[in-house]
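Here is a friendly briefing to read with the model open beside you. It starts with one residue and works outwards from there.

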Amino acid sequence: MAHKFKVGQMVEYKPIGAKVGLYKVLRHLPEEFPATDWMYRIKSDQEGFERTVPECALSPSIVQETSYDEVKSLRRAGRYH
């Protein structure tokens, strides 16, 4: 079984509590357990960090890049409510 998405491919990903955004596949991660989904490292041009996500959370991008809303930054500091 092989990875569904190629390195460099643009994919859609929906972070928790945000709208769907456009991300670029940076690399394939090795299979850790045979029963789990393939994992990827992805990055949005609007974020300063990479994300690790399973293949089932991604879908191929089929719309133009300008159709996506800006990705909101994660709240990393402060208290939990």
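Two residues are in contact here when heavy atoms of theirs lie within 4.5 Å. Please keep in mind that this is a predicted model. Leaving aside neighbours within four places in sequence, serine 59 is in contact with Phe5, Val11 and Glu12. Phe5 is a good lead to follow, since that residue also appears in an aromatic pair and in the largest nonpolar core.

**Serine 59 and its surroundings**

- Serine 59 sits in strand S5, which covers residues 58-60.
- Is serine 59 buried, exposed or partly exposed? The relative accessibility of serine 59 is 27%, so this residue counts as partly exposed.
- Valine 11 lies 48 residues away from serine 59 along the chain, yet 5.6 Å separates their C-alpha atoms.

**The sheet**

- In which order do the five strands of the open sheet lie? The order is S4-S3-S2-S1-S5, and the pairing is antiparallel.
- S5 and strand S4 (50-54) stand at the edges; each has a single partner strand, so one side of each lacks a neighbour in the sheet.
- On average, and with direction ignored, neighbouring strands of this sheet are turned by 50 degrees against each other.
- Four bridges join strand S1 (residues 10-13) to strand S2 (residues 21-28) in the antiparallel sense. Here tyrosine 13 has glycine 21 of S2 as its bridge partner.
- S2 also pairs with strand S3 (residues 39-43), again antiparallel and over four bridges. For valine 25, the bridge partner in S3 is isoleucine 42.
- S3 and S4 pair in the antiparallel sense over five bridges. Lysine 43 has glutamate 50 in S4 as its bridge partner.

**Aromatic pairs**

- How many aromatic pairs does the structure hold? There are two.
- Phenylalanine 5 and tyrosine 40 form an edge-to-face pair, because their planes stand at 65 degrees, with the ring centres 5.8 Å apart. This pair links distant parts of the chain: phenylalanine 5 belongs to the segment before S1 and tyrosine 40 to strand S3, 35 residues apart.
- Both partners are buried: phenylalanine 5 has a relative accessibility of 2%, and tyrosine 40 has a relative accessible area of 0%.
- Tyrosine 13 and tyrosine 23 also form an edge-to-face pair, with 5.5 Å centre to centre and 85 degrees between the planes. Tyrosine 13 comes from strand S1 and tyrosine 23 from strand S2, ten residues apart, and this pair too links distant parts of the chain.
- Tyrosine 13 is buried at a relative accessible area of 14%, and tyrosine 23 is buried at 0%.

**The nonpolar core**

- In soluble globular proteins, nonpolar side chains tend to be buried together.
- Which residues make up the largest nonpolar core? The ten residues are Phe5, Val11, Tyr13, Tyr23, Val25, Trp38, Tyr40, Ile42, Val53 and Leu58.
- At least two residues of this core come from each of S1, S2 and S3.
- Leaving aside neighbours within four places in sequence, phenylalanine 5 is in contact with Val11, Val25, His28, Tyr40, Glu55, Leu58, Ser59 and Pro60. That brings the briefing back to the starting residue, as Ser59 is one of these contacts.

Key
Residues numbered from 1 in each chain as written. Predicted model: local features only at pLDDT ≥ 70, side-chain atom pairs only at ≥ 80, totals over all residues. Heavy atoms only, no water. Buried < 20%, exposed > 50% of the residue type's maximum accessible area, 1.4 Å probe, protein only. Pairing = 2+ DSSP bridges. Phe/Tyr/Trp six-rings, centres within 6.5 Å; stacked < 30°, edge-to-face > 60°. Core = buried A, V, L, I, M, F, W, Y, C linked by side-chain atoms within 4.5 Å. Axes fitted to C-alpha atoms, helices over the stretch in contact; angles between N-to-C directions.
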